[in-house]
Amino acid sequence: MQDSDPIRLPGPWTHRDITANGARFHVAEMGEGPLVLFLHGFPEFWWSWRHQLPAVADAGFRAVAMDLRGYGGSDKTPRGYDPLTLTMDVTGVIRALGQSNATLVGHGWGAFLGWTAAVFRPAAVNRLAITGSAHPRRLRQALLTDPKQIAAARFMWSAQRPWAPEKALTRDAAMLVEQLLAEWGATGWPELDVAQRYREAMLVPGAAHSSLEYYRWLIRSLVRPDGMRYAQRMRTEVRVPVLHLQGELDSALLPHVARGSGRYVTAAYRWRLLEGIGHFPHEEAPMRFTNELVDWLKS
């Protein structure tokens, strides 16, 4: 493995590719025990969980972080960026790892898929940990009716144009990635080396287009029959325990939108508002986030 590889970064984990749902996915894994599968958000990749993988493995779990479809070292397919296909990716990876179920830990889009998996494939989800996200029905409602969240989601709206967003995202060595991280995170984050990692990952051929396709489905589905059917299905209650960690200063997914997610959970629901933290709690305050996660996993 070359240190110059922007995706397969060295560490105590092992990298490998696995096949699931008709595509190839890159994962980094370590530890033994019950499976905990980490799902990143935009504009990141598996490396966003670098702080949590060793701690969760040390706590007695098999910790695996995957690159979602279109990101990092996973396939950049021309189609497949709707939540049902993406959720089948996640549950397919669980099976490819030799397990029938897992605890899902998701941030942003990864959390969106975690919520979806808990409804569409409940047998595959033991527990669900969420950060930087709201239940999909809460998000849908906010994007249609909440002026503050509509304004906060201006990047989502701007992504609807053809090709121009891809050019903007990769211009000047993906400087926009660094700007979005800084805008959505708390003051002083990210460090320059962290931002550089994410800029390099976004420059992997196909990553910019694929990552924007998630947002295109989300916004366009607000008025399409497939989006309405999805929203109707997501009325189904989540019947597994949920840990919901939300940054108080999150300017991408506003805390008051995230807070209402518990109404869709009938099992134990633990809400934590993290003061002084933005959209990326697992990176901005990794020790605090990891302690909350490990305590919950072991409870």
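Which residues line the largest pocket? I opened the notebook with that search, working on a predicted model, and found the lining to consist of Pro 78, Arg 79, Gly 80, Tyr 81, Asp 82, Glu 213, Arg 216, Trp 217, Arg 220 and Arg 224. I noted a volume of about 160 Å³ for this pocket, and I sorted its lining residues into six charged, three nonpolar and one polar.

**Entry on cavities**

I then searched the whole structure for cavities of 30 Å³ or more, and the search returned two. For the largest cavity I recorded a volume of about 290 Å³, with a lining of 22 residues, of which Gly 108, Gly 132, Met 156, Tyr 215 and His 279 lie nearest the centre. When I divided that lining by residue class, I obtained 14 nonpolar, seven polar and one charged. I also looked up which helices take part: helix 3, helix 5 (147–152), helix 6 (154–158) and helix 9 (207–220) each contribute at least two lining residues, and helix 6 has the largest share, with three.

The second largest cavity came out at about 90 Å³. I listed its lining as Phe 112, Pro 136, Arg 137, Arg 140, Trp 217, Leu 218, Ser 221, Leu 222, Gly 227, Tyr 230, Ala 231 and Met 234, which I could divide into eight nonpolar, two polar and two charged residues. Helix 4 (136–145), helix 9 and helix 10 (225–233) each supply at least two residues of this lining. I marked Trp 217 in the margin, since I had met this residue in the lining of the largest pocket and found it again in that of the second largest cavity.

**Entry on the nonpolar core**

Which residues have the most contacts inside the largest nonpolar core? I found Phe 38, Phe 42, Trp 46 and Leu 293 in that position, within a core of 106 residues. Helix 3 (residues 109–120) gives the most to this core, namely nine residues. As background I wrote down that nonpolar side chains tend to be buried together in soluble globular proteins.

I followed Phe 38 further, and, leaving aside neighbours within four places in sequence, I listed its contacts as Trp 49, Gln 52, Leu 53, Val 56, Ala 63, Val 64, Ala 65, Met 66, Val 105 and Leu 293.

**Entry on strand 4**

Several of those contacts led me to strand 4 (residues 62–66), where I found five of the five residues buried. Arg 62, Val 64 and Met 66 point one way from the strand, while Ala 63 and Ala 65 point the other way. I set beside this the general pattern that side chains in a regular strand alternate between the two faces of the sheet.

For its partners, I found strand 2 (residues 23–30) joined to strand 4 by four bridges in the antiparallel sense, with Glu 29 opposite Val 64. Strand 3 (residues 35–39) pairs with strand 4 in the parallel sense over five bridges, and here Leu 39 stands opposite Met 66.

**Entry on Glu 178**

Is Glu 178 buried or exposed? I counted Glu 178 as buried because its relative accessible area of 18% falls under the 20% cut-off. I placed this residue in helix 7 (residues 164–184), and I noted contacts with Leu 192, Ala 195 and Arg 199 once neighbours within four places in sequence are left aside. Lastly I checked Glu 178 against Ser 158: the two are 20 residues apart in sequence and 17 Å apart in space, C-alpha to C-alpha.

How values were computed
Residues numbered from 1 in each chain as written. Predicted model: local features only at pLDDT ≥ 70, side-chain atom pairs only at ≥ 80, totals over all residues. Heavy atoms only, no water. 1 Å grid on protein atoms, 1.4 Å probe; cavity = no way out; pocket = protein on both sides within 12 Å on 5 of 7 lines; lining within 4 Å. Points joined across faces, edges and corners; volume = space filled by probe spheres on them. Nonpolar A, V, L, I, M, F, W, Y, C, P; charged D, E, K, R; others polar. Core = buried A, V, L, I, M, F, W, Y, C linked by side-chain atoms within 4.5 Å. Buried < 20%, exposed > 50% of the residue type's maximum accessible area, 1.4 Å probe, protein only. Contact = heavy atoms within 4.5 Å. Pairing = 2+ DSSP bridges.
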